[in-house]
Amino acid sequence: MKFFLDTADVAEIRHAAALGLIDGVTTNPSLIARTGRSFGEVIREICDVVDGPVSAETVSRDYAGIMREAHHLAKIHKNIVVKIPIFDEGLQAVRRCAAEGIHTNVTLIFSPNQALLAAKAGATFVSPFAGRLDDTGIVGTQVIRQMVDIFRTYAFKSEVLVASIRDPLHVTEAALAGAHICTIPPAVLKALSKHPLTDIGLEKFLADWKTAKKDGFPV
Ligand code: E4P
């Protein structure tokens with residue numbers, strides 16, 4: 001399973017990339033706005049730091065506008081993935097992008113039928129929102145399991161990119177569902193390697209190590 005970092009914070013991206021933990025990055029208009037910086041500048045910087053897909057989202061609601069944004073974004077860097085929300089004109093643009101060899105990420109997916117439409121349009125990635133589904137009282141990862149099953153049945157090339165991840169359990173559930181990718185906020189990524197028993201175990205090993213014979217071992 002691939003991990004993307006779900007942020008536009010370049011310092012966080014740099015840190016996770018240096019640790020070798022991420023395969024790509026996703027952004028959205030809210031994350032870009034939070035940086036207080038210019039969209040193009042942030043996206044270019046992210047592409048310089050990460051050697052993998054970087055999703056940058058379009059905001060137009062009409063086909064011509066989406067395509068204008070898609071062409072502009074695709075020129076920024078070869079790793080740009082044009083992120084397009086699901087609605088009819090968006091799907092039309094996804095189909096056109098696929099024909100032109102522009103990678104797309106269809107976002108704001110909340111149902112298996114939306115995922116099916118995005119895959120049929122030729123999306124590179126399809127992004128169901130686990131956390132926002134949970135907020136409505138529906139178990140997001142169960143819906144994601146259905147999407148993965150459908151994609152497998154029809155051998156779609158589109159990859160299921162689980163978004164709106166709120167905690168480590170979402171990552172486990174997405175992995176069990178067979179999702180191809182999770183896009184994870186920095187705080188959740190940091191929590192993945194943590195376990196209280198690991199901390200207790202480490203403390204005990206280090207305490208015992210102080211009493212061990214080391215014979216010139218460098219630590
Ligand atoms: C990423 O592709 C999505 O835009 C993001 O995961 C949404 O997360 P949120 O529901 O926490 O805003």
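Let's start with contacts across the sequence. Take the contacts in this protein with a separation of 6 or more: 57% of them join residues 24 or more positions apart. Keep in mind that this is a predicted model.

Now the overall picture. The protein has 219 residues, and 44% of them are buried. Its secondary structure comes to 11 helices and 8 strands. Along the principal axes, the C-alpha trace spans about 70 × 35 × 30 Å. The accessible surface is about 11600 Å². Carbon and sulfur atoms account for 57% of that surface.

Next, one helix pair. Please find helix 6, residues 112–121, and helix 8, residues 140–153. Their axes come within 9 Å. The crossing angle is roughly 35°, and the crossing is right-handed.

Which residues make the contact? On helix 6, they are Pro-112, Ala-115, Leu-116 and Ala-119. On helix 8, they are Val-143, Gln-146, Met-147, Ile-150 and Phe-151. How do these residues divide into nonpolar, polar and charged? The contact has 8 nonpolar residues, 1 polar and no charged. The polar one is Gln-146, because Gln is not on the nonpolar list and is not one of the charged types.

Hold on to Phe-151. This residue of helix 8 belongs to the contact with helix 6. Phe-151 also takes part in an aromatic cluster, together with Tyr-154 and Phe-156.

So, on to the rings. The structure holds 5 aromatic pairs. I'll show two of them.

The first on my list is Phe-151 with Phe-156. Their ring centres are 5.6 Å apart, with 70° between the planes. That pair is edge-to-face, because the angle is over 60 degrees.

The other is Tyr-154 with Phe-156. Here the centres are 6.1 Å apart and the planes make 40°. This pair counts as tilted, because 40° falls between the 30 and 60 degree limits.

Phe-156 therefore takes part in both of these pairs, one with Phe-151 and one with Tyr-154, by the 6.5 Å limit on ring centres.

Where do the three rings stand, buried or exposed? Phe-151 is at 3% relative accessibility, so this residue counts as buried, the limit being under 20%. Phe-156 has a relative accessible area of 24%, so Phe-156 is partly exposed. Tyr-154 is at 58%, and that makes Tyr-154 exposed, since the limit is over 50%.

To recap the cluster: Phe-151 is buried, Phe-156 is partly exposed, and Tyr-154 is exposed. On the helix side, Phe-151 is one of the helix 8 residues in the contact with helix 6.

Note on methods
Residues numbered from 1 in each chain as written. Predicted model: local features only at pLDDT ≥ 70, side-chain atom pairs only at ≥ 80, totals over all residues. Heavy atoms only, no water. Axes fitted to C-alpha atoms, helices over the stretch in contact; angles between N-to-C directions. Helix = DSSP H or I, 4+ residues; strand = E, 2+ residues; numbered from the N terminus. Left-handed = near helix turned anticlockwise from the far one by under 90°. Contact = heavy atoms within 4.5 Å. Buried < 20%, exposed > 50% of the residue type's maximum accessible area, 1.4 Å probe, protein only. Areas by Shrake-Rupley, 256 points an atom, 1.4 Å probe, with all protein chains shown as cover. Phe/Tyr/Trp six-rings, centres within 6.5 Å; stacked < 30°, edge-to-face > 60°.
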